[in-house]
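The following exercises concern the model shown below. Please work through each task with the sequence and the coordinates at hand before reading its solution.

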Amino acid sequence: MFSGSIPALTTPFRDQMVDEAAFTAFVDWQIAEGSHALVPCGTTGESATLSYDEHYRVIDLCIEAAKGRVPVIAGCGSNDTATAKRHMAHAKAAGAAAALVVMPYYNRPNQDGLYAHFAVLAEACDLPIILYNVPGRTVSDMTVDTMARLAEIPTIVGVKDATGNVARVTAQRLACGADFVQLSGNDDMALGFMAMGGVGCISVTANVAPRLCADFQSACLAGDWAAALALQDRLYPLHAALFSDASPGPAKYALNKLRPDFSAELRLPMTPPSEASRAAVDAALAHAGLI
């Protein structure tokens, strides 16, 4: 259903407004460089600081620019079930292929609460749902057993797993079935994740190196582990550098170096990356052969 290199798109701002022209050009570039699907309005897209109108406009722009060439998986998560339901309704009407829905953050629901949240969303809208499990950001961690219960709902089709525990891939595969779409949420662990049964990565690094990330994913899916390992070695410093300061600051800095039309501007409380982070990004871009 969904596989390969799927960038969690950064959102360009200019004078604190969404730069629609730069974003549209960015989507075109991502597709031309081989990205297999696109995720607007995820964490990397600074969704937490987008108004509802901006959130929906970014989803609309992505779908319009993609023109059906690749699937668009719209970020629809919230810690408020009613808000997530509203986001999904807009994404469905706009033509998104699926919704990426993060675990409810800050509230810290128990496993029954997590199950109820996603079950209600699935009942309210038939848009396919990809669960997003990232306990480092949300605190809530969905167990394998809860995920298996949710996988029985036909429109809950997969997970973006950013637990950092690659053993989860096998556990979830056995519990949820081989057809349950498992996408890595950690670029640096994607090689091991793919070897254990994953089918792709919702990626930060693919913002900056879409062709290399697409080639890496294609090599993994083809079982060409030697080529995948060579690309992993080429990309690893970039994977690390893009998290050497608060994301997406380093990614926006890197993008601005590669695409001057793409502003490095962030919205508070995010601030520009440190000098050390910028130096790490510069070195990683050179190591990857991007500059």
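**Exercise 1. The strand β6 and its partners**

Task: in this predicted model, determine how β6 is joined to strand β7 (residues 156-161), and identify the residues that face each other across the pairing.

Solution. Begin with the bridges: five of them join β6 to β7, and the two strands run parallel. Next, locate the partners. Tyrosine 132 has lysine 160 of β7 as its bridge partner, and asparagine 133 is matched with aspartate 161 of β7. Then turn to strand β5 (residues 98-102), which pairs with β6 in the parallel sense over four bridges. Here leucine 100 has isoleucine 130 in β6 as its bridge partner. Finally, consider the connection: β5, helix α4 (residues 111-124) and β6 make up a β-α-β unit that is right-handed.

**Exercise 2. The surroundings of β6**

Task: decide whether the residues of strand β6 (residues 129-133) are buried or exposed.

Solution. A residue counts as buried under 20% relative accessible area. By this criterion five of the five residues of β6 are buried, so the strand is largely enclosed by the rest of the structure. Now separate the faces: Ile129, Leu131 and Asn133 lie on one side, Ile130 and Tyr132 on the other, and all are buried, so that both faces are covered.

**Exercise 3. The whole sheet and its helices**

Task: establish the order of the strands in the open sheet, and state which strands stand at the edges.

Solution. The sheet is open and has seven strands, in the order β1-β9-β8-β7-β6-β5-β4, with parallel pairing. β1 (4-7) and β4 are the edge strands; each has a single partner strand, so one side of each lacks a neighbour in the sheet. From one strand to the next, the twist averages 30 degrees. As a last step, place two helices. α4 lies across β5, β6 and β7 and runs at about 160 degrees to β5. Helix α7 (residues 167-176) packs on the sheet and touches β6, β7 and β8 (181-184), its direction making about 170 degrees with that of β8.

**Exercise 4. Cysteines**

Task: state how many disulfides a search of the whole structure finds.

Solution. The search finds zero disulfides. Take cysteine 62: the nearest cysteine sulfur is that of cysteine 41, 8.4 Å away, whereas a disulfide requires sulfur atoms within 2.5 Å. Cysteine 62 is buried, with a relative accessible area of 0%. For cysteine 76, which is likewise in no disulfide, the nearest cysteine sulfur belongs to cysteine 125, at 8.0 Å. Cysteine 76 is buried, also with a relative accessible area of 0%.

**Exercise 5. Backbone exceptions**

Task: identify which peptide bond involving proline 248 is cis, and where glutamate 46, with its positive phi, lies.

Solution. Start from the expectation that most peptide bonds are trans and most residues other than glycine have a negative phi. The bond joining serine 247 and proline 248 is cis, with omega about 15 degrees; proline 248 is in the loop between α10 (225-241) and α11 (249-258). Another cis bond runs from leucine 268 to proline 269, with omega near 15 degrees, and proline 269 is in the loop between α11 and α12 (275-287). For phi, glutamate 46 has a positive value of about 55 degrees. Glutamate 46 lies in the loop between α1 (20-32) and α2 (52-66) and counts as buried at 4% relative accessibility. Lysine 67 also has a positive phi, near 55 degrees, and is found in the loop between α2 and β4 (73-75); at 63% relative accessibility, lysine 67 counts as exposed.

Key:
Residues are numbered from 1 along each chain as its sequence is written. This is a predicted model: local features need pLDDT of at least 70, side-chain atom pairs count only at pLDDT 80 or more; totals for chains, interfaces and linings use all residues. Side-chain values use heavy atoms; hydrogens and water are left out. Buried means under 20% relative accessible area, exposed over 50%, partly exposed in between (1.4 Å probe, protein chains only). Two strands pair if DSSP finds at least two bridges between them. A crossover is right-handed if, with the strands pointing away from the viewer, the path from the first strand over the helix to the second runs clockwise. Axes are lines fitted to C-alpha atoms, for helices over the stretch in contact, and angles run from 0 to 180 degrees between N-to-C directions. Contact means heavy atoms within 4.5 Å.
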